[in-house]
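Reader: I would like a close look at one charged residue and its surroundings, taken slowly and with the contacts spelled out. Please start from the side chain and work outwards.

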Amino acid sequence: MIDVEQRLRELGEQVSDSAAIPNLPSPRTLKRIRVRQRAVSLASVGAVAVIVGSFFLWGPSLHFSIGNGPAGGGTVNKGPSGGPALAPPGWVIHHTGSGLSIATPRHWIFRAGNVTVRRPTISFRLGTWRFPSGGACAPTKALQAIPKKGMLLYMLEYSPLAKPPGSFMRRPTRFTIEPSQASFECIGVSVHTISFREHHRYFQIHIKFGPDATGSLRRKTVESLNTLQIARR
């Protein structure tokens, strides 16, 4: 028994010696570890700052571009190029009862509809002077009275059942005025004609210039056409 107890004491002393405190890293190694930890912390803070800053910078624009639509009834067409042109300063925006609007110079005359023409429906007429009303299937009195430096424009809307979709191209990115056509249907005079479709609605625009119409007037007419907005029905 004495030998066994002696042996156990010797083993205990060996275990105590092996359980000594392990060697610690050198001061230089500890300094490197602290520098590395500080760099990682600064990088994390910088990443958070970039994310927060991006939110405040782009967040409002993302919200309005994704979440907001046009106010009021109907959906206003935005067109292939992102939307109709804005009205220039000083111009007036005119509205019809059929979900259409167009901007013109303040002194131009705008009239919505025409009770004398039923099919197709005249959505609106506009001109550079106080044009007369009247006509069987077109505003013929106004067309015959255009001043030498004047212009008359009117827009027809056809029923989807009256015109096949293939005869009306999709609304162009930007309207342009093509060369005039000889006497169109019952109009009796040559006019510039634009046919197009939008939101399953079919339109035809006729434009007549006086013989001395200026290039400035023609450019303003095109500019006015490109402010046209069409709502769904």
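Author: What follows begins with arginine 201 and moves outwards to its salt bridges, the sheets and the nonpolar cores. The model is a predicted one, and every value below is computed from it.

Where does arginine 201 sit? It belongs to strand S7, which covers residues 201-209. Its relative accessibility is 3%, and since buried means under 20%, arginine 201 counts as buried. Leaving aside neighbours within four places in sequence, arginine 201 is in contact with Ser98, Gly99, Leu100, Glu157, Phe196, Ile230, Ala231 and Arg233.

Two polar partners of this side chain can be named. One is the side chain of glutamate 157, with which arginine 201 makes a polar contact at 2.8 Å. The other is a backbone atom, the oxygen of alanine 231, which lies 2.8 Å from a polar atom of the arginine 201 side chain.

Side chains of opposite charge can pair when their charged atoms come close. Arginine 201 and glutamate 157 do meet in a salt bridge, at 2.8 Å from N to O. Because arginine 201 lies in strand S7 and glutamate 157 in strand S5 (residues 151-158), the pair ties together parts that are 44 residues apart in sequence. Glutamate 157, with a relative accessible area of 10%, is buried, as is arginine 201 at 3% relative accessibility.

Glutamate 157 has a further salt bridge, to the side chain of arginine 233, where the N to O distance is 3.9 Å. Here glutamate 157 lies in strand S5 and arginine 233 in the segment after S8, so this pair ties together parts that are 76 residues apart in sequence. Arginine 233 is exposed, its relative accessible area being 71%, whereas glutamate 157 is buried. Glu157, Arg201 and Arg233 are thus linked in a network of salt bridges.

How many salt bridges does a search of the whole structure find? The search finds three, and one of them joins arginine 171 to glutamate 198, with the closest N and O atoms 3.8 Å apart. That pair links distant parts of the chain, since arginine 171 is in the loop between S5 and strand S6 (192-198) and glutamate 198 is in strand S6, 27 residues apart. Arginine 171 counts as buried at 7% relative accessibility, and glutamate 198 is likewise buried, with a relative accessible area of 10%.

The strands that carry arginine 201 and glutamate 157 belong to an open sheet of five strands, in the order S3-S4-S5-S7-S6, with antiparallel pairing. Strand S3 (109-112) and S6 stand at the edges with a single partner strand each, so one side of each is left without a neighbour in the sheet. From one strand to the next, the twist averages 15°. Within this sheet, S4 and S5 pair in the antiparallel sense over six bridges, and glycine 127 stands opposite leucine 152 in S5. Helix H4 (215-225) lies across S5, S6 and S7, and it runs at about 165° to S7.

Another open sheet is formed by three strands in the order S1-S2-S8, where the pairing is antiparallel. At its edges stand strand S1 (92-95) and strand S8 (229-230), each with a single partner strand, so that one side of each is left without a neighbour in the sheet. S1 pairs with strand S2 (residues 100-104) in the antiparallel sense over four bridges, and valine 92 stands opposite threonine 104 in S2. Two of the residues in contact with arginine 201, Leu100 and Ile230, fall in strands S2 and S8 respectively.

The largest nonpolar core has 21 residues, and those with the most contacts inside it are Phe124 and Phe196. The elements giving two or more residues to this core are S2, strand S4 (121-127), S5, S6, S7 and helix H4, and the largest share, four residues, comes from S7. Phe196 is also among the residues in contact with arginine 201. Phenylalanine 124, not counting residues up to four places away in sequence, touches a list of residues including Leu100, Ile102, Phe110, Leu153, Met155 and Leu228. Apart from this core lies another of 16 residues, among them Trp129, Phe131, Ala138 and Tyr158.

Technical notes
Residues are numbered from 1 along each chain as its sequence is written. This is a predicted model: local features need pLDDT of at least 70, side-chain atom pairs count only at pLDDT 80 or more; totals for chains, interfaces and linings use all residues. Side-chain values use heavy atoms; hydrogens and water are left out. Buried means under 20% relative accessible area, exposed over 50%, partly exposed in between (1.4 Å probe, protein chains only). A polar contact is a pair of N or O atoms within 3.5 Å; within protein, one must be able to donate a hydrogen and the other to accept it, and residues adjacent in sequence count only if both atoms are side-chain atoms. Contact means heavy atoms within 4.5 Å. Two strands pair if DSSP finds at least two bridges between them. A salt bridge is a side-chain nitrogen of Lys or Arg within 4 Å of a carboxyl oxygen of Asp or Glu. A nonpolar core is a set of buried Ala, Val, Leu, Ile, Met, Phe, Trp, Tyr and Cys residues joined through side-chain atoms within 4.5 Å. Axes are lines fitted to C-alpha atoms, for helices over the stretch in contact, and angles run from 0 to 180 degrees between N-to-C directions.
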